[in-house]
Each structure stands twice: as structure tokens, then as C-alpha cells.
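Good morning, and thank you for making time for this presentation. I shall speak for a few minutes, and I ask that you keep the structure in view as I do so.

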Amino acid sequence: MDMALAPETLARWQFGITTVYHFLFVPLTISLAALTAGLQTAWVRTEKEKYLRATKFWGKLFLINIAMGVVTGIVQEFQFGMNWSDYSRFVGDVFGAPLAFEALIAFFFESTFIGLWIFGWDKLPKKIHLACIWMVSLGTLLSAYFILAANSWMQHPVGYRINEEKGRAELTDFWAVLTQNTTLNQVFHSFSAAFLTGGAFMVGIAAFHLMRKKHIPVMRTSLRLGLVTLAVGGILTAVSGDTLGKVMYEQQPMKMAAAEALWDGEEPAPFSVFAYGDVDEGHNKVALEIPGLLSFLAHSDFDSYVPGINDTNKALQEQFGPGDYKPIVPVAYWGFRWMIGFGMASFSLGLLGLWLTRKRFLLPDALRTGEDEVPHLVLLRKPLGTRLSRMYWLLALWTMAFPLIANSWGWIFTEMGRQPWVVYGVMQTRDAVSPGVSTAEVITSMSVFTLLYAILAVIEVKLLAKYVKAGPPELTEADLNPPTKIGGDLRDADKPMAFSY
Amino acid sequence: MELHDVWFVLIAVLWTGYFFLEGFDFGVGVLTRLLARNRAEKRVLINTIGPVWDGNEVWLLTAGGATFAAFPEWYATLFSGFYLPLLAILVCLIVRGVAFEYRVKRSEERWQRNWETAIFWTSLIPAFLWGVAFGNIVRGVKIDRDLEYVGSVWDLLNPYALLGGLVTLTLFTFHGTVFTALKTVGEIRERARTLALRVGVVTAVLVLAFLLWTQFASGDGKSLVALVVAVAALVVALSATQAGREGWAFALSGVTIVATVAMFFLTLFPNVMPSTLDADWSLTVTNASSSPYTLKIMTWLAAVATPLVLLYQGWTYWVFRKRIGTQHIAEPAH
């Protein structure tokens, strides 16, 4: 059959589309849940109104976002069975467990407490209401942890044995699956990238309002929180990316060789800045390189040997039999670069912002601003001019989606870089698809999901834009006087709900 | 009782939880057309389930995840076999979740009306399709020696399964109607009670017919007990509704759901998906289940987490115990 219409190709496209789409919402959900919870904590502790307004503002954007995250996640739970039934049969004994943990522990947390949080403003005393959003946040983190443990098992299977008689992988050590270094590093990397994403989102939106001198007290606080989150998230993303990379050099040398388009092993190995090559011939025609840097990224020294694509392919052929064990090299190579490039661009902008808006450190007294003033952007000793300031705000606004691009490429890189394996060294992707599902069925579901997701994307973005522009809401009497009893004030039987669908 | 039998029971429990809980919120979705006379009433209906529908839906995700972990073969055959109906259900659940959350976020008439239409259809279609799916599971489908489903989508639309679909649709609608009577105040509550009687009678006839069919096709002594409980609870639920005992009516319509699901699983056991081509090719609790080690871990998980979930979900219902009427609906700030 034509490869383009092979069930494997279509199933992979569908998985790619639905998963990348789902993951646009995941990191924002993770970080905004925690950031909203942090702001609400500040409100409960200080009773400063700006924190409550910020909580309501970011909370609303968070809700618009998590709604999409939750519903697109439903597909993820079932599509292994739909399109990948042979995969499910072969690995269900191992792979199913973290998914069940995710559902029974994390999803229930998230979904139950989010209901309590949305509708609980006039039903719960404020500390209990605050605890609800923290439970949601905990739920998002646990959910990500379990699913990353499952994915890490596909990257680097541990704690299992092959049952020849039943023809499947069986779990022997669940603890190993949950705590292997691939899992821990992927979790570290994904969590920090999630906060980088949320930080950039917050900075972009705060910049939009500050540029127009609107909602200043709330947006000043948000800008600060966003910048710090972005900078800390950025540093941790870089650090964890480096350690995860080193782990991958040990566990999947092919993926990392492809990430560098390093065709033949070198000692010391250079880091590729740009390459254009001939994939069939297996070499680069143009290559711009930094000597020794790749050796350092792989093994922390500047002169060790790093194996290339061709060597690794040969080694894998000896280990697993004849075949081509190369991923699509340009995708891995460029995916790796877009991931790092877009993520670090955002991070740099955050660092710059942190410096420009510094409060005391090396800032002349005259330039310090009050709660209701837009902070000066101070490069050295003088504030930036109107045009440059505006440029920074605009840059922050227009790059707020950069981490989303970085996240998407990160996943495309790590999943496509593992090919032809679905479970590295254990099962190839072409053996994983559902044999009973027809091409027409896959095409149907892929088209339906793609169309539906496209429509929902337009709706979601427009809604976000509307609520971003509207700014933080004015507070009402009820907001400032939360109930003291669970269930709210039952005396006034006809009092309208604080929020209703 | 071996661990795979325990897990057969636990999967049944998860589906029961799902149908009990999301059953009434599907029903409430259907009522937005059947009962509500204006937008304010629609909003009352939607808000009776507002804080809880999302948590209810997690029972489905858990049933899915637990089936994957405890019975990988069942998970694989079921979801690859029932591909298109499952696709329809997923699309509905996606749109439905977004509809609840987004409907109120804009004040334009067309925007709100469209999401309301969506809520109706995306509640009605899954309520029907789940019955079709379970009808087919109980009846058996074409499964070959590799445990693959080899029938077509049209094979799934047989009379027995379609009747199953009507049963879940009406039963969930009835369940939703008594839930509405229990959770609302004012005129809508009175009308919910009247409607519950009418829907209840239709439901009772369909449930009786479907369960008798099931009993004659593949029942035994135990399933007969479930049948009797299901039908008796439904009849008593009707008289409780008539007597204005809304709490009892709701609990009893819940019992009908529990007993109906119990009957499905009792007639299935020890199969999980019987093959109509050759009994040897059926998926059973033994040939479809995971290894003892995985089942042991899963059992620990279930033993610790399930009571907790019931506890805090129950608490949510208690927090939002107050009845609501049109006077409680807040005008959204735009």
C-alpha cells in the first residue's frame, strides 16, 4: 500500500495532531493553576484587593484554557485502543497502570475541585476555597507526572519482562517505571517548561495592558510574577534539558545523533548550528559547527567520542536485525532547534524584562515607581524612550506564544526521534496499529478531530482575547465578604449564585 | 475469587458509577429541550449539574484507564472494534464540556443558543450510544481468533443493541428528571415531577422488555434477581415521584441503573466480550486480563483511592445541596 495512506501513517498523523493540540493547553493549565493559586494565597494572606482581582482575571483565562485541556484529554485516554490496539495488547500490562493511576488520582482531583472552585466563591469559607485551587494544581501536576512516567517507559522501557507465551510485555517493577531517571528528567523538564510557558503568557498579557496604561496595579503585580516565573522556569528548563539530553545520549543515541545531524561519530564532536544534508547519502553538504560542544552536551567534557547516525544504525542492525533504524533526520534536527530556539528566546526576553523593571538593584532612586504607575524600563541609568519601551511591551506580547511552539517541537522531536520504535528497542510503530481498523475509519476520525479542533481553536482564541481585553473585573461586595460557613449563607433563600453557567 | 474476578467487579463498579452520575447529567442535558420553557429555566437545569458534571465524567476516564490496565485485550478489542460509535461519543463529550464552560462567556443570543443546542444533542447522543455499546457487548459481536473485531459498524446497529440504546436514553432522562425535581425549586420542580411520571412509564416498559430479552437470551438465577430489582425499583421510584418523595425517587432510579448495569455484567461473566463466531474466541476475564502483579498494584490503588474519591465527591454534592430556581441565576458580568 502507498505509504502515505498506510494505516500506520494515518494513525501517526492523528496521534500527532491530537496530541500536539492537547499539549497546547496542558502546560498553560499546569502553570496557570499554580500561579492563580499563588495569587489567591496572596489575597487570603494580605487581603489586598489587587490580588483578588488578579486571581479572578487569571483564573478566568485559566478556566477557558483548562476546559479545552480536559476535553481534548478524553481523546487521549481512548485513542490507544482505537488506533493502536496491537500496541495496547502488547504493553497494556505495563502502560495501562500509570494511566489508571492518572485517572483515579489526578483526574478526579482536578475535575472535582475545579467545580468547587468555580462555583464555590459564595459557598466556601475563603481558606477552603483557596485549598480547592491548590488541589486542582496538585491534580494537574500529578496528572502530568503519571502520563510522563508512561511516556518515559516508551522512551526507555524498564521494570518489565517479555512473556513469550502470551506475546506481551508484563510489568515486574512499577516503582522502577515511576522513578527511573528518564521519568524524573522528563518530569523536571516538562514542569519547568510549563512554567516558562505560563510565565511568558502572563508577561505578554501584562505588557499589553501596561503599554496602554490600563489596570496598572494588577498588571504590575502580574508582570513581576510572570517575569520571575519565566526566568526561573527558563533556567530550570535549560538545566533539565541538558540533563535529559545526557540521559538520552545513553539511552537513545540515535535520537541525539539525529538531533545534531551527526552522520558519523566524531571525537571530539561539534555542535551543529546549521546543517543542510543529503539524507539518502547520509552526509551533510553544508555544516556550520562549534567544535567540541556536542561532546560536552553529551558527556560533560570537550573531547569525548559521540557516535553518529550511520554508526548507530549499524550497531542497531547488529542488535535487532536488518532494517533502517533512522528517524526522519531533518525533523529531529530542526525540531530540536526550534524547541531550544523558541524556548530560549522567550527566556531571554524574560531575563531582559527582569533587568529592565528591577526595583532596587542598581536603580536610581528617582526612577522608582509607585503601585499605580507603569514601571520604567531602565537599561542602565536612564529609562528607555517611549518607542523602545513600546517595542519591549510589543515584543513581550507577540512572543507570548513562543513557548507553545517550543513545547510542540519538543514533543515532535522526542516522539519522532524515537522512530521507528514505539517502545524503544521493544516494539516498532508499524506493529502497533489496529489491524481491524480500516483506512476509511482512520481518515474519518482524523478529519473529524482536525476540523473540530480547528473550530474550537478559533472559538477559544477569540474568547481569550475578549477576556484579556476586558481586564480584571471590578470587585463586588460579595467578593470582599466571602462566606464563613460551608454551603454559604442559607438565610437569604433567594440570593443569586455568585457565579452560574 | 481471583484478582481478575475482582477487577471484573471493579470495572463493573466504575461503569455503574459513571452511568449513575453522568446518567443524570445526560438526562438534565436532554431536559433543556424537554422541560425548560425559556432560557432562565435552561440555565437552572444546567446549573443543577454545573459544579459536578466534570467530576462525574471522570468515572468514564477511570473506567477506560482501568480497563486498559486490568484487561488490555478488552480495551483493545472494544475501542478498536466500536470505532465509529466511540468517535461519535468522544466528539459529543468534547463539545459538551466546552459548551457548559463557554456558553455563559458571551452574551450574544446566537452564541448562547448554539451552545444550548449543542448541550442537548451532545447529551442525548452519548446517552443513546452507551446503551448500544453495552447491548453489543452483552449480546456478543464478531470476534475472530486473534481477538479482533471483524464485524462492520452496521452489525452494531442490531435491534437488541438499539433497544439497549433506547433504554439508556430513557432511563438517564428519567434519572435526570427526578434529579431535577430534587434539585430545583419553584414551577420547574412541579413540571419536572409531572414529566418524570410520563418519562418513567415509557422507561419502565423499555427496561422491562430489554431486560427480559437479555434474561431469555443469556440470563441465569442471579441476573433474574438483578432484573427484578431493576424493574421493582423503577416502579417504586414512580410512586415515590407521585407521592412527592423526591429523594427516594432519585435514589430508586439510581438503583434501577445499578441493577441494570449489574445485569449486564452478570450475564457477561466470565466473558468480557463474547464472540458470536466461536465461543472459544470470546474474550474472558482470564484471556483478556493483565498479569497478577499488575492486578495487585491496581487493586491497592483502587482500595486506597476509590473511598477517597467517593468521600470528596460526596462532599461536593453536600456543599451544593441547596435547591436552585430562576431567582438564583446570576446575571453574568461581561
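What follows goes from chain A as a whole, to its contacts with chain B, and then to some individual elements.

Please note at the outset that this is a predicted model.

I begin with the overall form of chain A. Its secondary structure amounts to 15 helices and six strands. The radius of gyration is 25 Å, and the globule rule gives 23 Å for 501 residues; the two values are close, so chain A is as compact as a globular protein of that length. Along the principal axes, the C-alpha trace of chain A extends over about 75 × 60 × 40 Å. Of the 501 residues in this chain, 51% count as buried. If one takes the contacts in chain A between residues at least 6 apart in sequence, 75% of them join residues at least 24 apart.

I turn now to the two chains together. On the side of chain B, 64 residues are in contact with 64 residues of chain A. Which elements of chain B give two or more residues to the side that touches chain A? They are α2 (39-49), α3 (53-70), α4 (72-81), α5 (83-102) and α11 (292-319) of chain B. The most comes from α5(B), with 13 residues. By class, this side of chain B has 39 nonpolar, 16 polar and nine charged residues.

The nonpolar core is the next topic. The largest one has 271 residues, and those with the most contacts inside it are A:Ala100, A:Val203 and B:Leu90. Helix α3 of chain A, residues 85-119, provides the largest share of this core, 22 residues. As for B:Leu90, its contacts, leaving aside neighbours within four places in sequence, are with A:Ile74, A:Val75 and A:Phe78.

Helix α3 of chain A also holds A:Gly92. Why does A:Gly92 count as buried? The reason is that A:Gly92 has 32 C-beta neighbours inside 10 Å, where 20 or more are required. Again leaving aside neighbours within four places in sequence, A:Gly92 is in contact with B:Phe68, B:Ala69, B:Pro72, B:Tyr75 and B:Ser290.

Two of those partners, B:Pro72 and B:Tyr75, are among the buried residues of α4(B). That helix is mostly covered, with 10 of its 10 residues buried. The cover over α4(B) includes α2 (49-83) and α3 of chain A, together with α3, α5, β1 (271-273) and β2 (283-284) of chain B.

Let us return to A:Gly92 for one further point. A:Gly92 and A:Arg168 are 76 residues apart in sequence, yet their C-alpha atoms are 8.5 Å apart in space. A:Arg168 lies within strand β2 of chain A, residues 168-171, which pairs with strand β1, residues 160-163, in the antiparallel sense over four bridges. One of the bridge pairs joins A:Arg161 to A:Glu170. The two strands form a hairpin with four residues between them, and A:Gly167 in the turn has a positive phi of about 65°.

Finally, I consider two helices by their length. Helix α1 of chain A, residues 7-46, has 40 residues and should span 58 Å at 1.5 Å a residue; its end C-alpha atoms are 58 Å apart, which agrees. After α1(A) comes A:Glu47, with a positive phi near 60°. Helix α6 of chain B, residues 109-139, has 31 residues, and its expected span of 45 Å agrees with the 45 Å between its end C-alpha atoms. The residue after α6(B) is B:Gly140, whose phi is positive, near 100°.

Key
Residues numbered from 1 in each chain as written. Chains lettered and ligands numbered in written order. Predicted model: local features only at pLDDT ≥ 70, side-chain atom pairs only at ≥ 80, totals over all residues. Pairing = 2+ DSSP bridges. Contact = placed C-beta atoms within 7 Å. Nonpolar A, V, L, I, M, F, W, Y, C, P; charged D, E, K, R; others polar. Core = buried A, V, L, I, M, F, W, Y, C linked by C-beta atoms within 7 Å. Buried ≥ 20, exposed ≤ 12 C-beta atoms within 10 Å, placed from the backbone. Rg over C-alpha atoms; globule rule 2.2 N^0.38 Å. Expected span 1.5 Å × (residues − 1).
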